[in-house]
Amino acid sequence: MRYLLTFFIFIIHLLYSQNIIYVPDQYSQIQFAINAASNGDIVQVRPGIYYENINLKGKDISLVSNHYFNLGDTQIIKDTIIDGGKKGTVIRIQSGEPSSALIWGFTIQNGLGTGTNDVYTSGAGININTHKNIDGLLPSGASSSPQIRYCIFKNNDGGTGNGAAIHAY
């Protein structure tokens, strides 16, 4: 049943996608690909370590690793890393961003926030199905519902306020 649901989500995203943008093939950084993306696009990130702090900028996009197209290969999740370099939140999702934004199949690490939780939502609903979540979750509100699937969170430092790995506000 789980694979059928995953397949259904995959088909829906493909049907409504305008374009697939490849990182690092077309853009050297994930944020550059997000900047170039339009609503409905898929930003597909190949395995590697990407030292970035990214912002979806209100776009209704799918940010996915190769795991999205190769279900069952969990090594891809471990090999596709977004590393915040302890320079701030790794992935920022603003309140009111489209509810169908999708983040799928990454290791999200070394975020530095001012919060106690690495996955933090304030004023944004969030739907998380992680492969391994070792750093925490504090959901609240319901103004947007990004889908976060098959991600690993590690070495994120929230501090005393907002989250470090993913900050949806």
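So, strand E6 and strand E9, residues 107-109: these two run parallel, and 3 bridges join them. If you want a spot to look at, find aspartate 83, which stands opposite glutamine 109 in E9. Keep in mind, please, that this is a predicted model.

Now stay with E6 and look at its other partner. Strand E3, residues 48-51, is joined to E6 by 4 bridges, and this pair is parallel too. Here tyrosine 51 is the residue opposite aspartate 83. So aspartate 83 turns up twice: it faces tyrosine 51 in one pairing and glutamine 109 in the other.

What about the faces of E6, residues 80-83? Which residues are on each side? Thr80 and Ile82 sit on one side, Ile81 and Asp83 on the other, and all of them are buried. In other words, both faces of the strand are covered.

Okay, on to the aromatic rings. There are 3 aromatic pairs in the structure. One of them is tyrosine 68 with phenylalanine 69, an edge-to-face pair with the centres 5.0 Å apart and 85 degrees between the planes. Why does tyrosine 68 count as buried? Because its relative accessibility is 3%, and the cut-off for buried is under 20%. Phenylalanine 69 has a relative accessible area of 29%, so that one is partly exposed.

Then there's tryptophan 104 with tyrosine 150. Their ring centres are 5.1 Å apart and the planes meet at 50 degrees, so this pair is tilted. I like this one, since it links distant parts of the chain: tryptophan 104 belongs to strand E8, residues 102-104, while tyrosine 150 is in the loop between strand E14 (147-149) and strand E15 (152-154), 46 residues apart. Tryptophan 104 and tyrosine 150 are both buried. And put the four rings together: Tyr68, Phe69, Trp104 and Tyr150 make up one aromatic cluster.

Last thing, confidence. For the chain, the mean pLDDT is 73, with 59% of residues at 70 or more. Where is confidence highest, and where is it lowest? The top is E3, at a mean of 98, and that's the strand we just saw beside E6. The bottom is strand E13, residues 137-138, at a mean of 34. Around there, over residues 115-143, pLDDT stays under 50. The model still has 104 contacts beyond four places in sequence for that stretch.

Definitions and conventions: Residues numbered from 1 in each chain as written. Predicted model: local features only at pLDDT ≥ 70, side-chain atom pairs only at ≥ 80, totals over all residues. Heavy atoms only, no water. Buried < 20%, exposed > 50% of the residue type's maximum accessible area, 1.4 Å probe, protein only. Pairing = 2+ DSSP bridges. pLDDT = per-residue confidence, 0-100. Contact = heavy atoms within 4.5 Å. Phe/Tyr/Trp six-rings, centres within 6.5 Å; stacked < 30°, edge-to-face > 60°.
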